[in-house]
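Thanks for asking me to look this one over. Below are my notes, set out as numbered points so you can follow them with the coordinates open.

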Amino acid sequence: MGRVLSRLIATVWQPTTRSLRRWALASVIANAAIISTGAAVRLSSSGLGCPDWPTCTKSSLVAAHSVGQTSLNTAIEFSNRMLTYPLVIIAGLTFIAFLRYYQTHGRSPKDLVWLSAALPLGVVAQAVLGGIVVLTKLNPALVAAHFLLSCAIILTSAVVLHARAAALDDAEAGLPAPPPVRTDLRVLTGALAGVTALMLAAGTVVTGTGPLAGTTIDSHGHKTTVPRFHFSLASVTQLHADIGWFILALAVAAVIGLRYAGGSRRTVRLGWIVLGGLGVQGVIGYVQYFNHLPAGLVWVHVSSAVALWVFVLRLWLSTSPGPAQQAGAAAGDAVVADDTSIVEDPVVRDASANVQDADNVGVSDAGSRPASQPADQAAGIS
């Protein structure tokens, strides 16, 4: 146990590029998991299982019975709150690892340190926003902001960090950098990421309009539905589906372009994963709509959308010259610096200078010799 703990501490306090890669991946998984559990809270009508914040109820810090809520609702909501603690620990350790690597090596781009700082700060902001969501009795706009903040800031930062750390690790291992991707394909994958973000936003509107927003008990003991958007469910669902078809068209174009215009094998594979994920998402979306939105199937739809967002970001980053090539250049410069330090040795430098002077003299003598003069006479050999 002590050996495992010491190794864990070493990955944070004396990090390598591989440990940076693993901590960033842990942040991706942890954030994706808590977004999925947050969706389970919403879809199981457990958002007010703990009707107060930061305590569960006004009289209890931990899970306790609340009027109008079942014990299961309270347990689901309180469990999701407890997941914040391991999440913030992982985010904090990820930040420390990137900071220590920068301080120790000076080779990790400084922007990675700032990017890793967004993880713990974002988790704290999410906790505060989650409290406001509870205190406003699940205002649908704030619920949507709560979901989108996780996807847009925390999860995105973790995915970018993982891509950059992976590039550093590959460069340090001497692996070749992926071939450059055409500008039009980079723009296409960037547009795919942007429209996917729009689809996530539209999905929160659909959920906030639909029948799965949750219920509460008013002051008269009557069960009432929590606030929701006053839109037509059919209209916002149609908009959500239209955006999905547009994303599918972009993904098909991206996969064809990457396959036949020089994309790396990894980038093409990510394109196929995104295309397949969009197909699965479409099937689930239509099935859940025509079956009157069963909560379990909606949860699968939301969770797979989070996974799809991760892979869309990875696809875009794999085509961008910034994350991979800049990281590779930084590690490559460090390797070159280590190699040139050998030449800076005084003895080797003087020997190299003598050899270069001798070569220059030979070249000068040969250059001043008449074309008709024998080589041995020009060299003074009898």
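1. Let me start with Leu8. Its relative accessibility is 40%, so Leu8 counts as partly exposed. This leucine is found in helix 1. Leu8 is also part of a nonpolar surface patch of about 470 Å², made together with Leu5, Ile9, Trp13 and Ile96. Helix 1, residues 2-13, gives the largest share of that patch, with four residues.

2. A word on what we are looking at: this is a predicted model, so please read each value here as computed from predicted coordinates. The protein chain has 382 residues, and 40% of them are buried. Its secondary structure consists of 13 helices and two strands. Among contacts with a separation of 6 or more, 75% are between residues 24 or more positions apart. The accessible surface comes to about 20100 Å², and carbon and sulfur atoms account for 67% of it.

3. Next, have a look at Leu20, which sits in helix 2 (residues 17-43). Leu20 counts as buried because its relative accessibility is 0%. Which residues does Leu20 contact, leaving aside its neighbours within four places in sequence? They are Pro15, Ala97, Phe98, Tyr101 and Ala165. The pairing with Phe98 spans 78 residues in sequence, while the two C-alpha atoms are 6.6 Å apart in space.

4. Arg100 is the residue I would ask you to view with some care. It belongs to helix 4, residues 84-105. Arg100 is buried yet has no salt bridge. How far away is the nearest side chain of opposite charge? That side chain is Glu172, and the distance is 15 Å. A salt bridge here needs a side-chain nitrogen within 4 Å of a carboxyl oxygen. Beyond its neighbours within four places in sequence, Arg100 is in contact with Val12, Trp13 and Pro15. Trp13 is also one of the residues of the nonpolar patch, and Pro15 appears among the contacts of Leu20 as well.

5. On to the charged pairs in general. Side chains of opposite charge can pair when their charged atoms come close. A search of the whole structure finds six salt bridges. One of them is formed by the side chains of Asp170 and Arg21, at 3.2 Å from N to O. This pair links distant parts of the chain, with Asp170 in helix 6 (residues 140-172) and Arg21 in helix 2, 149 residues apart. Asp170 has a relative accessible area of 26%, so it is partly exposed. For Arg21 the relative accessible area is 26%, and Arg21 is therefore partly exposed.

6. Glu77 and Arg81 give a local example. Their side chains meet in a salt bridge of 2.9 Å, N to O. Both residues lie in helix 3 (residues 71-82), four residues apart, or about one turn of the helix. Are they buried or exposed? Glu77 is buried, and so is Arg81.

7. A further salt bridge brings together the side chains of Arg164 and Asp111, again given N to O, at 3.2 Å. Here too the pair links distant parts of the chain: Arg164 is in helix 6 and Asp111 in helix 5 (residues 110-135), 53 residues apart. Arg164 is buried because its relative accessible area is 7%. Asp111, with a relative accessible area of 39%, is partly exposed. Salt bridges that share partners also join Arg18, Arg21, Asp169 and Asp170 into one network.

8. Now for the cysteines. The count of disulfides comes to one. Cys50 is joined to Cys56, with an S to S distance of 2.1 Å. Which hand does this link have? It is left-handed, with -80 degrees about the S-S bond. Cys50 is buried, and so is Cys56. Elsewhere, Cys151 is buried, with a relative accessible area of 3%.

9. Lastly, Thr267 in helix 9 (residues 265-290) is worth opening in your viewer. Its relative accessible area is 1%, so Thr267 is buried. Leaving aside neighbours within four places in sequence, Thr267 is in contact with Leu258, Leu315, Ser318 and Thr319.

How values were computed:
Residues numbered from 1 in each chain as written. Predicted model: local features only at pLDDT ≥ 70, side-chain atom pairs only at ≥ 80, totals over all residues. Heavy atoms only, no water. Buried < 20%, exposed > 50% of the residue type's maximum accessible area, 1.4 Å probe, protein only. Contact = heavy atoms within 4.5 Å. Patch = residues over 30% accessible without salt bridge, like charges linked within 9 Å, V, L, I, M, F, W, Y side chains within 5 Å. Areas by Shrake-Rupley, 256 points an atom, 1.4 Å probe, with all protein chains shown as cover. Lys, Arg positive; Asp, Glu negative; His and termini not counted. Disulfide = S-S within 2.5 Å.
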